[in-house]
Amino acid sequence: MKVKYTRYTILFGLFVLLFSSCKTETEAKVVSTEIDQEYYRPNYHFTPENNWMNDPNGMFYLNGKYHLYFQHYPDDNVWGPMHWGHAISEDLINFEEQQIALYPDDLGLIFSGSAVVDYDNTSGFGVDGKVPVVAIYTYHNMDGEKRGDIDFQTQGIAYSLDEGMTWTKYAENPVISNPGIKDFRDPKVFWDQRNSKWIMSLAAGNKIMFYSSENLKAWKFESDFGELKGEHGGVWECPDLFPMKVEGLDEEKWVLLVSINPSGPNGGSATQYFIGDFDGSTFTLDKNFNKQLEKNTAVWLDYGRDNYAGVTWSNLPQDDGRNLFIGWMSNWDYARDTPTYKWRSTMTIPRELILLKKDESYLVRSRPVRELKNFVSKEKNKDVITPRDFQTLFSDNTIDFEKLSFSLTMTELKNEAYSINLYNAYGDTLKLGLNNKEKFIFLDRTKSGKVNFSDKFAPSISKVHIEGEFNLIELEVVLDKTSIEVFINDGEIVLTELFFPNSPLDSISISSNDDTFQLRDVSIREFNFN
Ligand code: FRU
């Protein structure tokens with residue numbers, strides 16, 4: 001018996017060993033995304049078919065089509081000589097990749113920029129009554145950079161007479177030469193209706209410069225903003241200035257988005273914003289918003305680590321009235337190392353931005369575009385349930401966590417911590433929650449699967465500090481294979497992050513020491529994109 005026991009123990013030990021090595025093998029097999037190169041391809045977030053992508057560029061809407069261009073290196077899965085890739089969507093969710101729009105030329109690589117529809121043919125590029133679409137972008141001259149010059153970034157333009165499909169570069173590029181500023185890039189242009197001129201916001205190191213033009217070719221410097229405002233722990237990039245109606249009020253304010261890398265609220269790249277007024281020449285910060293900055297340094301569009309360089313679509317139909325935004329869902333801290341190989345990088349879900357007046361100041365809320373709801377194939381709704389029933393609601397194993405959104409309000413919260421945990425049988429867990437004791441909202445991907453490809457990917461949990469205690473919190477969560485986008489209190493606080501689980505996250509639980517809180521207005525929506 002003793003012998004047997006020992007044998008069994010050994011056998012058991014062997015089994016454990018075998019099982020664990022088996023598990024490692026399975027894990028290795030499942031996670032070998034170098035072999036199964038489509039494994040991490042998102043179900044409904046845009047990725048290029050092949051190779052590298054970063055910032056969204058040149059977004060405009062025309063005749064039923066949402067155009068999305070993007071920083072693209074078509075020859076490798078890491079950053080390289082930049083082109084503009086192109087994709088088109090008719091529903092804001094399914095984007096179809098097109099042929100490359102802009103290639104590097106003698107003046108340099110094609111860095112980030114914007115595109116406008118020039119209805120009045122102010123540029124003169126239009127012929128035979130065709131409306132030109134004009135792209136305004138940065139030339140990055142590699143030779144100049146290598147030589148150690150300071151003026152290697154200039155601005156160029158190109159036009160399209162077939163609604164953005166093919167482009168001709170302007171023969172007299174660059175249209176803005178470099179005034180001696182090393183980081184001088186990412187022009188975002190809009191038509192200023194009131195002053196009948198084009199306005200460009202341009203990132204220039206630690207500030208934004210505004211230019212104006214009557215024809216998109218000759219540009220005049222107007223003013224600059226930001227040297228002593230907001231976060232300055234990195235380089236300012238990818239600005240976007242646009243007017244917004246204040247929700248529910250007969251008031252308009254101007255929003256200026258400014259991306260910065262590094263020094264985001266949870267490390268690396270992130271996007272801050274400013275609210276004020278623009279008179280056609282100068283951007284003036286709103287007084288109360290300025291007070292907010294004095295308290296917090298910066299106000300962030302997204303507190304997660306993976307929403308960068310986002311800007312808004314131009315030329316949306318007047319009767320739409322929305323400000324639609326998309327961001328690059330990655331971070332320069334580790335973008336080149338994420339475990340996808342065939343392609344690298346994803347865009348966020350397109351979002352609607354809403355301007356809200358609150359406590360005498362203003363804030364920008366984000367929401368997933370309502371078009372996402374057009375793809376709901378299954379929905380479960382409950383008015384009030386307990387956290388345990390919430391879990392049961394999900395335990396129907398036909399629910400696909402890789403194309404899902406859910407929303408809920410946690411109510412009757414106390415001075416406790418609350419965590420929603422998404423996990424799988426491997427033990428990969430992604431946690432999202434509220435810590436009322438230590439006063440922060442959090443997203444924790446530290447054990448969410450593959451994290452070791454970069455020591456900057458998950459060195460700590462991402463936090464948003466809150467003032468006081470939340471006795472209720474409203475959440476909307478958008479899930480795809482490798483991304484979570486969390487919109488808190490109707491998008492007042494947003495957290496967007498990537499994760500790379502060893503096998504799909506397929507279970508959910510809610511944990512807390514508090515056993516009396518409730519969930520209200522629970523809704524689970526599964527999508528179908530076929
Ligand atoms: C932002 C950015 C831009 C630049 C582009 C280059 O991510 O650094 O400032 O134009 O990427 O790819």
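**Chat about helix H3 and the ligand site**

Asp-286 caps the N-terminal end of H3, with a side-chain oxygen 3.1 Å from the backbone nitrogen of Asn-288.

User: Before we go on, what kind of model is this?
Analyst: It's a predicted model, where local features need pLDDT of at least 70, side-chain atom pairs count only at pLDDT 80 or more, and totals for chains, interfaces and linings use all residues. Residues are numbered from 1 along each chain as its sequence is written, and side-chain values use heavy atoms, leaving out hydrogens and water.

User: OK, so which residues of H3 are buried?
Analyst: H3 covers residues 287–296, and its buried residues are Phe-289, Asn-290 and Leu-293. Buried means under 20% relative accessible area, exposed means over 50%, and partly exposed is in between (1.4 Å probe, protein chains only). Those buried residues fall within an arc of 105° seen down the helix axis, so they line one face of H3. The arc is taken from the directions from the helix axis to the C-beta atoms. Helices here are DSSP runs of H or I with at least four residues, strands are E runs of at least two, and both are numbered from the N terminus.

User: And which ones are exposed on the other side?
Analyst: Over there you'll find Lys-287, Lys-291, Glu-294 and Lys-295.

User: What do the buried ones pack against?
Analyst: Three strands: S15 (270–278), S16 (283–285) and S21 (361–368). Contact means heavy atoms within 4.5 Å.

User: Switching topic: which side chains have an N or O atom 2.7 Å from a ligand oxygen?
Analyst: Gln-71 has one, and so does Arg-185. For Trp-332, the distance from a side-chain N or O atom to a ligand oxygen is 2.8 Å. A polar contact is a pair of N or O atoms within 3.5 Å; within protein, one must be able to donate a hydrogen and the other to accept it, and residues adjacent in sequence count only if both atoms are side-chain atoms.

User: How much of the ligand does the protein cover?
Analyst: The protein covers 96% of the 320 Å² of accessible area that the ligand has on its own. Those areas come from the Shrake-Rupley method with a 1.4 Å probe; for residues, only the protein chains shown count as cover.

User: What about Glu-237, buried or exposed?
Analyst: Glu-237 counts as buried, because its relative accessibility is 12%. Glu-237 sits in strand S13 (residues 235–245), and its side chain makes a polar contact with the side chain of Arg-185 at 2.5 Å.
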